[in-house]
Amino acid sequence: MLVGLVPHARVFTKPQIIFYPLCNQVRLPNFHHFHTPLPQSFSASSAPVESEKKPGMEDPERKKKKEEKAREKELKKQKALEKAAKLQAQQASNAPKKSERKNVKRGTEEENLEDFFDPETPFGEKKRMSRQMAKQYSPSAVEKSWYSWWEKSQFFVADANSSKLPFVIVLPPPNVTGALHIGHALTAAIQDTMIRWRRMSGYNVLWVPGMDHAGIATQVVVEKKLMRERKLSRHDIGREKFVSEVWDWKDKHGGTILQQLRRLGASLDWSREFFTMDEKRSKAVTEAFVRLYKEGLIYRDLRLVNWDCVLRTAISDIEVDYIDIKERTRLKVPGYDKPVEFGVLTSFAYPLEDKELGEIVVATTRVETMLGDTAIAVHPDDKRYHRLHGKFAIHPFNGRRIPIICDAILVDPEFGTGAVKITPAHDPNDFEVGKRHKLEFINIFTDDGKINGNGGSEFAGMPRFKAREAVTESLKKKGLFKEAKTNEMRLGICSRSNDVVEPLIKPQWYVSCSTMAKKSLDAAMDEEDRKLEIIPKQYNADWKRWLENIRDWCISRQLWWGHRIPAWYVTLEDDDLKEVGAYNDHWLVARNEEEAQEEAKKIYAGKKFQLNQDPDVLDTWFSSGLLPLSVLGWPDDTEDLKAFYPTSVLETGHDILFFWVARMVMLGIELGGNVPFSKVYLHPMIRDAHGRKMSKSLGNVIDPLEVINGITLEGLHKRLEEGNLDPKELVVAKEGQMKDFPSGIAECGADALRFALVSYTAQSDKINLDIQRVVGYRQWCNKLWNAVRFAMSRLGEDYVPPSNVIPDVLPFSCQWILSVLNKAIARTVSSLELYEFSDASSALYSWWQYQLCDVFIEVIKPYFAGNDPKHSSERSSAQDTLWLCLDYGLRLLHPFMPFVTEELWQRLPSPKDCKRPASIMICEYPSIVESWTNERVESEMQLIDSAVKSLRSLAKESRERRAAYVQCRTDSVLETVNNHKLEIETLANLSSLTVTDENVAAPAGYAVSVVDESLTVYLNLQGSLSAEAELERIGKKKDEIQKQMEKLSKMINASGYKEKVPAQLQEENAAKLKSLELEFSSLELASEHIQSVSS
């Protein structure tokens, strides 16, 4: 890797701002410089939009004034432009004459500034590009128009009848309520990289887009909208109208994120776009439920669930966030005027039935739940309570007899009093105790979190946390309260409503997971027949742990928006209990009501009955778990299903490995007969640059569109103000933004953002995203732009690329760049195949930056200096090689940076004898060309590189061209350096280069650097050379080598070295020691040289 060569030999021009009149309008080049703060008025949302036309006629007088004002403004602008043009012409006439090279480059023609701007492109047509390349890269200009043309040209559409090998990814469906966040951007960048690479590699590629109906999230959004706009709840308008309202909202506002994905360049097959509640997906959900029920894998049971009292529904584990509370803490809870205190352990006594035995003390952080206590548990070996085994306590508020039971599983005799109150209906651990001891399960809460009749008349109707206070006061009055002390705890909060989650016992539908989990575990862990590979491998342990300890999956949700459960309750005329669900054996599962009617007639022949469909809907994860099947048309035997199932890769965040990935695998094996994908790639979670989780309250949430388009600090603040942060949080968030983005965020473009995100994937667990890294890649895009600008200027308008090149007849530098290009191709492809996206991006960056731009483009410049006939052959070869490098390099880079590579590739001339594809995205992905590999040439360039770096190190920051000597100690090195004097002179910016053997000393005033044992370089620094400083530098280098020699000698001379160390390693160590000794000797000679010329 030739790092850091020739920083002063730049291809770039300085940014210019040019003012000029064009068609009576003001036109400014769309150039942006990263170190220039964005204008105060700029924001991500400031894209031009068509003004909304208001009804009615505009006042004529007002219209006339507006027109006059506009003409005045236009006149002022015109005068300013003329003045600027005049000044520019004056400066041009006074400017010194350009060098011969500049004259050759520019000729005598004046630039037509209109040639540097892209004409308007009608939507969906191929982009109309400017005649001349703009002098600087502009993301907004480059990324405009290409996507609509790609989409209209159907480049993204897969063919189910193709004979090509399929490569299929299902996009993890974003919520219909959502907007693009940085996690979505990471997913899109990684997946589109895979998709574009495979498409270019000849696969029949299918990338399926879609949206999730997001049951809870969407229902909450529409409920809030109803209340805000019409002061109505969903219950006020009824289920049918409410669901209609949600569909209306979805049609108007849903799907924003899919448009945003287009802005990122995601090449999704939009012809197969799905919505998890569309007709096809709904059919699949119903069929899956029915089949699993008939196979005994879905059942109904009364169990404990995570209950949200605000939303009045069960919620999944992934929708529960946990807060670690270290001390007494007051938190806001929806529905309560005052904050509620948590982190308090309350101790109280239960009086024993036998009054002579006294009382038994228990402790709890949820004292209100004692209203539903049905037992007190002690450890069977705890001697303190032996006398109470089999006895009863009396509930102080309702007189209920509460048995004292022994349970060695739950009770820790060392914790607290060693006695534990048991509330089976409101605590997961107590629920298990209740099942083990056949206790009564008493639910004391209504669905909205109030105390019900089971809690007693004294507390009935109270909200649960007010009941907490009331119960405590009543215990004090009865003399049963003991103490309240600080206690660490974890508090579950619903991520959707911010309500405190309440464990509640409810009848729900469950999926039996044990047998499916075993198959899914084997699919990933069976080394002899592994069907599923998880990348990175570290997550295999999580997969194993979760599936070995899996619990049955609750799939009921008490919502109105979602897939309604295809189950009907049969109420018989002669049933004693008429409430729906009263008899668990009265449920029927069917595909529709007609089918349910037929089934009921068979089972209850001759009886009168009524059918009621279960009002609940299915967990959103149930429909999501079916996506690899349902998006391809299952349960119908479609062409897509036959061609594309199983899919190829599932790419997502590691946080939903269990919630989504495992469930897809279970359902895929069970219903599809095979794993739904052969590989799972789990990307890291994105944090801010400081490693903190992104949070609105910290002000560190990054909107990818703000990175793409740029935004001022004021724009960032405005976004916060439009949110729902309280004033204190708003202050903290703004301070965070001011610290992290003092000048806002510069316009980076989609390509730079994508490349940055992909390059971050080496951080396998978390990504600490620094926006400055994205800015750096935007600047790198400018380097690519200028590399192609340089090439176009050297190729000329009449250049026709060759159909092939013969490497052996090319100049040295051309042979070298093609050889290292081969290695870049090999490393990129192998990294992509191994899902090591960061390594692939690194390989590409290194080749483009350090080899093509920093070395090759610089080293061929002398061939184009003037029209020297002696360089005509080299010039022609350099043109051909440069074209090849750009063609291959852009195709290599395209999957990572689709927009800029398309634009630049379209500008390259086409080979004469073949018609190239319409777009770079349907070109062939580069593969190794065996004849390009040349290890000898690479070895020689490595030597040149070492010499150049040493010379540049001596020159430090000086841009002055100086004379140099190179002293060679072997004939082979002498020959190599002599053969490549021009390359060294060019890259090291030398005025002359003298090559000598070790018998010729460099003259006085030359600084010295020992490259290695066979090569020393000298640079003329006469007048600025400090002998003392040079001797100090060489002395430090000698000390460093001396230590290495001593360490290596000690190892070689150690006892048993010759017997224990392999012969090959011994040879390598001996050669290394000899090399160090020669280098040390060279440094001594260099030191002597400096001392002699300075004395």
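Helices, of at least four residues, and strands, of at least two, are taken here as DSSP runs numbered from the N terminus. On that basis the chain in this predicted model has 34 helices and 35 strands. Of its 1095 residues, 51% count as buried, and two parts of the fold are described below: an open sheet built from β24, β25 and β26, and strand β32 with the strands β33 and β35.

**The chain as a whole**
- Among contacts between residues at least 6 apart in sequence, 76% join residues that lie at least 24 apart.
- The chain exposes about 53400 Å² of surface, and carbon and sulfur atoms supply 49% of that area.

**The open sheet and its helix**
- Three strands make up this open sheet, arranged in the order β25-β24-β26 with antiparallel pairing.
- The edge positions belong to β25, covering residues 587–589, and to β26, covering residues 609–613, each of which pairs on one side only.
- From one strand to the next, the twist of the sheet averages 30°.
- Helix α15, formed by residues 593–603, packs on the sheet and touches β24, β25 and β26, while its direction makes about 145° with that of β26.
- Strand β24, which spans residues 567–572, is joined to β26 by 5 bridges, and the two strands run antiparallel.
- Within that pairing, T571 has Q610 of β26 as its bridge partner.

**Strand β32 and its cover**
- Strand β32 consists of residues 962–968 and is mostly covered, with 7 of its 7 residues buried; a residue counts as buried when its relative accessible area is under 20%.
- In a regular strand the side chains alternate between the two faces of the sheet.
- Both faces of β32 are covered, since the buried residues include R962, A964, V966 and C968 on one side, and A963, Y965 and Q967 on the other.

**The pairing of β32**
- Strand β32 runs parallel to β33, which is made of residues 990–997, and 7 bridges join the two.
- In this parallel pairing, the bridge partner of R962 is L990 of β33.
- Strand β35, made of residues 1015–1020, runs antiparallel to β32 and is joined to it by 5 bridges.
- For C968, the bridge partner in β35 is L1015.
- Strand β32 therefore pairs with both β33 and β35, because two strands pair if DSSP finds at least two bridges between them, and the bridges number 7 to β33 and 5 to β35.

Conventions: Residues numbered from 1 in each chain as written. Predicted model: local features only at pLDDT ≥ 70, side-chain atom pairs only at ≥ 80, totals over all residues. Heavy atoms only, no water. Axes fitted to C-alpha atoms, helices over the stretch in contact; angles between N-to-C directions. Contact = heavy atoms within 4.5 Å. Buried < 20%, exposed > 50% of the residue type's maximum accessible area, 1.4 Å probe, protein only. Areas by Shrake-Rupley, 256 points an atom, 1.4 Å probe, with all protein chains shown as cover.
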